[in-house]
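Hello,

I am passing a structure on to you, and my notes on it follow below. Please keep it open beside you as you read.

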Amino acid sequence: MPVLAAILTPLGAVNVWTLALGRAVALCALAAMVAVILLQVWYRYVMGAALPWPDEAARFLMLWMTGLAAPTAYRQSGFVAIDMVRDLLPGRLASILALMLLAMSLCVLVLGIQLGWDHVQSGWLFNSSSLRLPLDLVGGSSVRLKLAWMYMSVWVCMVLLTSVNVELILREIVRIGGRADALSPIRHADLPEAE
């Protein structure tokens with residue numbers, strides 16, 4: 001168990017720090033997404049001339065917001081789960097079931113990392129249809145954004161989810177070993193929740 005603690009403690013700290021940064025960036029992406037959508041509504045319905053880029057920009061921001069916020073929800077058991085069977089089992093059996101489910105999730109996440117990376121690599125071949133970096137405003141020329149930057153949100157999400165999953169697997173192994181009291185609780189971030 002000391003070996004697990006030596007791995008779990010720094011991994012948990014890295015996850016706490018990384019996910020806090022991800023939540024902050026996700027909140028900024030959400031605010032920017034709302035602003036972009038409101039701008040598009042104004043231009044389309046009040047000015048009568050829709051802008052070409054806000055729809056794609058809102059999708060871009062939504063992907064990054066989701067990719068950076070989902071790992072926090074996963075770490076805090078915020079995903080929808082059917083845990084009726086687990087709740088009926090005694091402590092150690094419940095932990096073994098949880099460990100098996102986390103191991104299956106790890107397999108899916110590793111595959112997601114591989115497929116996500118392949119998708120990012122193909123994204124360098126294609127430009128966004130409407131998003132550009134307006135370098136022409138500072139004397140340069142306008143540069144179309146590569147779709148890889150959008151696809152990268154999925155890959156980053158899979159990497160962060162995998163890191164959280166490994167931490168949760170190690171926590172379940174400690175529980176199965178009868179050392180649940182040695183685990184520090186996972187603090188919940190101040191995120192809005194559905195009732």
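**Salt bridges and their surroundings**

Asp55 is partly exposed, as its relative accessible area is 40%. Please bear in mind that this is a predicted model. The partner of Asp55 is Arg44, and their side chains form a salt bridge in which N and O are 3.9 Å apart. Because Arg44 belongs to helix α1 and Asp55 to helix α2, this pair ties together parts that lie 11 residues apart in sequence. Arg44 is also partly exposed, with a relative accessibility of 36%.

By the rule used here, the count of salt bridges comes to four, and among them are two that involve Glu172. In one, Arg86 pairs with Glu172, the closest N and O atoms being 3.5 Å apart; this links distant parts of the chain, since Arg86 is in helix α3 and Glu172 is in helix α5, 86 residues apart. In the other, Arg175 pairs with Glu172 at 3.0 Å between the closest N and O atoms, and the two residues are separated by about one helical turn because they are three residues apart in α5. Arg86, Glu172 and Arg175 are therefore linked in a network of salt bridges.

Which of these residues are buried, and which are partly exposed? Glu172 counts as buried, at 6% relative accessibility, whereas Arg86 is partly exposed at 32% and Arg175 is partly exposed at 30%.

**Helix α2**

Helix α2 covers residues 54-75, which is 22 residues, and from its first C-alpha to its last it reaches 32 Å, close to the 32 Å expected. Even so, there is a kink of about 30 degrees at Ala69, shortly before the proline Pro71. After α2 comes Ser77, and the phi of Ser77 is positive, near 55 degrees.

**The nonpolar cores**

The largest nonpolar core has 19 residues, and the ones with the most contacts inside it are Phe60, Leu61, Trp64, Leu68 and Val156. Two or more residues of this core come from each of α1, α2 and α5, and the largest share, seven residues, is given by α2. To follow one of these residues further, look at Leu61, which touches Ala29, Ala32, Met33 and Val36, when residues up to four places away in sequence are not counted. There is also a second, separate core of 12 residues, including Leu19, Leu109, Cys157 and Leu161.

With best wishes

Conventions. Residues numbered from 1 in each chain as written. Predicted model: local features only at pLDDT ≥ 70, side-chain atom pairs only at ≥ 80, totals over all residues. Heavy atoms only, no water. Helix = DSSP H or I, 4+ residues; strand = E, 2+ residues; numbered from the N terminus. Expected span 1.5 Å × (residues − 1). Bend = angle between axes of the 7 residues up to and from the residue. Core = buried A, V, L, I, M, F, W, Y, C linked by side-chain atoms within 4.5 Å. Buried < 20%, exposed > 50% of the residue type's maximum accessible area, 1.4 Å probe, protein only. Contact = heavy atoms within 4.5 Å.
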